[in-house]
Amino acid sequence: MSGLHEKYLAGIGFDLTFMPPGTSGGEPYVRRFRPPVRLIILGGGYVGQALCRFASALEFEVTAVDDRPAFANYETFSQAKLVLCDAFSTAISKLGLTADDFVAVVTRGHRHDADCLRVILQGEMPAYLGLIGSRRRVAGLFDMLEGEGLDRARMDLIHTPIGLPIGAVTPDEIAISILAELTLCRSGRASDRHTGILEQTNVDPDFLRCLDMDGVKAVALVVERRGSTPVKTGAVMAVDPSGRTFGTVGGGCGEHEIVLAALRVLQTGRDELVTVDMTDEVAKSEGMVCGGTMKVLITKIDGPYRN
C-alpha cells in the first residue's frame, strides 16, 4: 500500500517531510496526518443523532450504538461508519475500546449509563470519555459504581457534564457543545510542538489524491505564523500547472498570493519561502479579516509524493 489516499482510507497515519529551501541539512518541516479518530456514540437519541451528523463532518469516524432497532440503523445514522444494535455492555465488549478512542455516553437513562461505565471502567481507558447528565445525577451514579468496587480515580477522568459550557439547550446545541470538547481534546493530542510537528493535522482527501497523481505540482505548507491568521501551521495545499488548487491555506487574497507563488515555483523549479502579510494596514487595503503574517514553504514535486 503506497498511495497516501489509500493509507488514509485504511486508517493509517503518516508524516510528510519537507526541507527548507536552500539547505542541505537542518530541521525539516513535518506535516503529520493522523487516521480519523473513532468516536463511539453510546445512545441513539436526538443528541446522539445530532452528534453523529456534526462529528462526521469534522472527520471523526463514528460508531453508533443503541439497543433499540428503531434508533440503531443506518437510516437514522446515515453518516456513521458502523451502527450496532445490541445491549450497550455487549456492544462495548465487541468494539474493543483502545486508548485512542473517543467515547460519548448519551444514553436515555441512568441505568444504561451505568451499564456502559461498568464495562468501560474495567478495560483500557479511552482518550476521551464523556457522560451526559446533571452534576447531581452523575454524582449519585459515581457513588453507586464506587460502591460496586469500581475505581473512583478513573471516574474522575470522565468529562461530565459532557461538552463545553456554551448554554446549550436543544439537542443540536448540546451536540455542538460536545463536539467542541471533542475537537479540543483531539487538537491537544495532535499538537506536538516540542518535536517540531506542525499544529494542523486535518486531512483533505483531494490534497492526498493530488499528491498520489503523476505529473508536476507545487505544495504550499504553512510553516510559521504570527498574530491572527486564518489557519494554523500545517495548513497545506497543492497547486497544479493550470492553477487548480487541492486543499487550502486560508482562502481569500492570501491564498491567491500563494497560488501565484506556486505557479512561479513550478516554472523556475526553485523552492520558495513566502511571507503573506495580513497585518492591519495590508489587510485593510485588501479587505482581509485577519491581521497577522504567515510563512509558507512552496516546493515542487514531480510525480507521486515520496518521502
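1. The antiparallel sheet. In this predicted model, one open sheet has five strands, arranged in the order S10-S9-S8-S12-S11 with antiparallel pairing. Strand S10 (245–247) and strand S11 (272–277) are the edge strands, each pairing on one side only. From one strand to the next, the twist averages 25°.

2. A pair inside that sheet. Strand S8 (residues 216–226) and strand S12 (residues 293–302) are joined in the antiparallel sense by ten bridges. To find one of these on the structure, start at Val222: its bridge partner in S12 is Val296. As a reminder, the strands of a sheet pair through backbone hydrogen bonds, and the pairing is either parallel or antiparallel.

3. The helix on that sheet. Helix H9 (residues 252–268) packs on the antiparallel sheet, where it touches S8, strand S9 (236–239), S10, S11 and S12. The direction of H9 makes about 160° with that of S11.

4. One residue of strand S9. Met237 has its place in strand S9. Is Met237 buried or exposed? Met237 counts as buried because its relative accessible area is 0%, and the cut-off for buried is under 20%. Leaving aside residues up to four places away in sequence, Met237 touches Phe207, Ala218, Val219, Ala220, Thr245, Phe246, Gly247, Thr248, Val249, Glu255, Ile258 and Val259. Read beside the strand and helix limits, this list includes Ala218, Val219 and Ala220 from S8, Thr245, Phe246 and Gly247 from S10, and Glu255, Ile258 and Val259 from H9.

5. A distance to check. Met237 and Asp172 are 65 residues apart in sequence. In space, their C-alpha atoms are 32 Å apart.

6. The parallel sheet. The strand order S5-S4-S3-S6-S7 belongs to another open sheet of five strands, and here the pairing is parallel. Its edge strands are strand S5 (82–85) and strand S7 (128–131), each of which pairs on one side only. Neighbouring strands of this sheet are turned against each other by 15° on average, with direction ignored.

7. A pair inside the parallel sheet. Strand S4 (residues 61–66) runs parallel to S5, and four bridges join the two. Asp66 stands opposite Cys85 in S5.

8. A helix across the parallel sheet. Helix H2 (residues 46–57) lies across strand S3 (38–42), S4 and strand S6 (102–105). Relative to S3, helix H2 runs at about 170°.

9. The buried residues of helix H4. Which residues of helix H4 (residues 110–120) are buried? They are His112, Asp113, Ala114, Cys116, Leu117 and Ile120. These buried residues pack against strands S3, S6 and S7, and also against helix H3 (88–95), helix H5 (135–147) and helix H6 (152–155).

10. The chain as a whole. There are ten helices and twelve strands in the chain. Along the principal axes, the C-alpha atoms fill a box of roughly 70 × 45 × 40 Å. Of the 307 residues, 44% are buried. Among contacts in the chain with a separation of 6 or more, 60% come from residues 24 or more positions apart.

11. Surface and charge. The chain exposes about 14,700 Å², and carbon and sulfur atoms supply 52% of that area. The chain carries 32 positive and 39 negative charges, and the mean positions of the two groups are 1 Å apart.

Note on methods: Residues numbered from 1 in each chain as written. Predicted model: local features only at pLDDT ≥ 70, side-chain atom pairs only at ≥ 80, totals over all residues. Heavy atoms only, no water. Pairing = 2+ DSSP bridges. Axes fitted to C-alpha atoms, helices over the stretch in contact; angles between N-to-C directions. Contact = heavy atoms within 4.5 Å. Buried < 20%, exposed > 50% of the residue type's maximum accessible area, 1.4 Å probe, protein only. Areas by Shrake-Rupley, 256 points an atom, 1.4 Å probe, with all protein chains shown as cover. Lys, Arg positive; Asp, Glu negative; His and termini not counted. Charge placed at Lys NZ, Arg CZ, Asp CG, Glu CD.
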